[in-house]
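Please open the structure in your viewer and keep the selection tool at hand. The tour below proposes one selection at a time and states what is to be found there.

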Amino acid sequence: MNYHFNFNVVFRNIDVFLEALVLALFLAVVSLTLAIIIGLMIALGATSNHKSMKKAARVYVTIFRNTPLLILVYIIYFGLPDLGLTLSKNVAFIFTLSLYGAAYMTEVFRAGLESIPKGIIEAGYAIGLSRFQTMMDIKLPIMFRSVLPSMGNYLISLFKDTSLSSAIAIPEITYITKKLNVQSFRTFEVWIAAALLYVITSYLMARIINLLERKWKIK
Amino acid sequence: MGEPLLKISNLGKSFGSVKVFENADLDVYEGEVVSIIGSSGSGKTTLLRCINLLEQFQEGIIWLDGNEVGYKVENGKRKRYSEHIISQQRQMTGMVFQQFNLFPHMTALKNVMLGLIRVKKLPHKEAEEISLKWLERVGLSDKVNSYPAQLSGGQQQRVAIARALAMNPRIVLFDEATSALDPELVGEVLNVIKQLANDGITMILVTHEMRFAYDISDKVVFMDAGKIAAIGTPKEIFEDKIVPRLKEFLYNFNI
Amino acid sequence: MFDISTNTSFFERFWNAKFIIIDGLNNTLIVSFAAIILGTILGLIIGLIITYGNKYIKLPFKALVDIIRGLPLLVTIFIIYYYLDFILKSIGITMSPMVIGIIALTLFCSAQISELVRGALQNIPKQQIDAGRALGMRFYQILKDILLPQALVEILPPWVNSATEIVKGSTLLSLVSISELMLVGKQLVARHPKALAYYSIIGLIYFTINTIIEYGGKALEKKVSFVNK
């Protein structure tokens, strides 16, 4: 097999790769933020005393966890226009990834809330706090501290999921790598570059999360 | 002596078909220290937790300072008060738990201040002053900015006592306050409780510390198998053992 | 089949296409289950190597697992697809795209499973191995009778989750033109632009498959926990 490696394509397009990386991180961060907000609301419904809200939450989670992300992207980007709602590529993808991520976050939040020792909640009631005050001053602060690592790790997961946006031609890493491949025929080189970008970024993100976790554990 | 501060009349609680306790009658006067003793399962902790409505009860009435606690009878039907009113009623009682139950994400000071700011709606400065005073009173002035995880069990429980008392309740409920403590830490907590008793705080203690109960109580309640079997002075309960079951029960404590 | 009249109803069209759809579904199931089974076996072996192997043997495997887990599945699929394509062409072999798809999904699955296995095995106290050794058992016996049964309970729920991830991941094969259900959906929409309808139904099919796997997994978990007690 005769193949002469030539990484010029990669070096000439470093800026393209880096822009794509930034876009991917942007998509991931925005989606995570929305997923947290939506997921929190659904989790509050899932842990409430209303049977119908609990059921609705469970249905939501099951639907979004058992359906492939790619189909969801297609339904929202290609399908919603049939109902008259046309979204731009980025908005459609972020919207889809947020709804998808919310299902995951709901379960994380629900487990976090249910793991708070009942005695601490009772102590809140005993000094006269209302249910709302107990939720805001005691339950949520405790829950957020315990789920921080999970949220950080999920960001890495979402970062990898952004590669799916290449299917609707969003110019993140996977998409531009394919394009460069077609343009330059340097298949091995461009995909090694893409792989390095993903693996190194994921690794760095994991290290940073680890560091932050240890810094805040001192409390 | 006048009217009792707390009057429990024919109180009963069931859990499904299981009777936890029934026919409980008890009067507690202002400034009194009442101990409740009995074996596990006798219903004493549940009875205590009914007073601040952490447990629901199906029969009987509790009056605190002349007001009916938790339920009202309207047109012959028993109705639980709204959450809003129950929160207000809980301000009249303070509770100290066996597991301390300090809020782990707040400093000792914040733990004590929370109720004053959120429930009593006091301004920050005033809440802080009151809290610092109480933390000093339980001997923890140097630990006000420590988090519960940094405190020993005895220190955590003393913060819990300060937290309950800062709310200025009419009566303080101690639910086996020293049962979860290492033996060498029990003394510091009992000393704080003794001081409070001497200062005239009205309190009910569910406890296994028989010697302590004998020393500080005005009245001792003995519960057995879901019923109040005896109420008497410490002498009547611990020395005279006015009901036969007391002999068996206290035998386990070498009394 | 190439009816371009707009008078034909959606359901008639859908019904006419039923064979293509079943074909696509078939391929999806074949690819998914092949990858799950092969990936589990491979993942089990790699997990054992990483947990109990010596320093030099486990290093390459650990590196491979870390790399695959650091990559999006789609990138793994593209890399395997393009690289294998190139290599095989230069040797003169042709491999069906579906086989390449199965290889890519299997690698992905085995990386996940090896992590599950590693985690579960590391949670078993070392004293259990010592106890087995003291009884004179050989390592593979210790593995078979002591370690794996205990690890099984811990591995099962996440394994079910991995299985659904593979089924969901099979949709990505449509992006390298492998003819599974997702690609069939795209073709149907291309002929008859009712995107919402087609994609929703196809989404429902995937949802059904995964829900069946989920319930099957829960039933299996109950059985396993009884056996252990």
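The tour begins with a single chain and then turns to the contacts between chains. Please bear in mind throughout that this is a predicted model.

**First stop: chain A**

Select chain A and display it as a cartoon. How many helices and how many strands are there in chain A? The chain holds 9 helices and 0 strands, and its pattern along the sequence reads α-α-α-α-α-α-α-α-α.

Now rotate chain A to see its extent. Along the principal axes, its C-alpha atoms fill a box of roughly 75 × 50 × 30 Å. The radius of gyration of chain A is 21 Å, whereas a compact globule of 219 residues would have one near 17 Å.

Next, consider the interior of the chain. Of the 219 residues in chain A, 41% are buried. Turn also to the contacts within chain A that join residues at least 6 apart in sequence: 74% of them link residues at least 24 apart.

**Second stop: chains A and C**

Show chain C together with chain A. Among the 2 pairs of chains that touch, chains A and C have the most contacts. Here 30 residues of chain A meet 31 residues of chain C. On the chain A side, select helix H3 (51–66), helix H4 (69–79), helix H7 (131–161) and helix H9 (187–217), the elements that each give two or more residues to this contact. Which of these helices supplies the largest share? That is H9(A), with 9 residues. If you colour the chain A side of this contact by residue class, you will find 20 nonpolar, 7 polar and 3 charged residues.

**Third stop: chains A and B**

Hide chain C and show chain B beside chain A. This contact takes 21 residues from chain B and 18 residues from chain A. Select helix H2 (83–90) and helix H3 (108–118) of chain B; each of them supplies at least two residues of the side that touches chain A. The largest share of that side comes from H2(B), which gives 4 residues. Colouring the chain B side by class shows 9 nonpolar, 8 polar and 4 charged residues.

**Last stop: chains B and C**

Finally, hide chain A and display chains B and C. Do these two chains touch, or are they apart? Chain B and chain C do not touch, and their nearest C-alpha atoms are 27 Å apart.

Key
Residues numbered from 1 in each chain as written. Chains lettered and ligands numbered in written order. Predicted model: local features only at pLDDT ≥ 70, side-chain atom pairs only at ≥ 80, totals over all residues. Contact = placed C-beta atoms within 7 Å. Nonpolar A, V, L, I, M, F, W, Y, C, P; charged D, E, K, R; others polar. Rg over C-alpha atoms; globule rule 2.2 N^0.38 Å. Buried ≥ 20, exposed ≤ 12 C-beta atoms within 10 Å, placed from the backbone.
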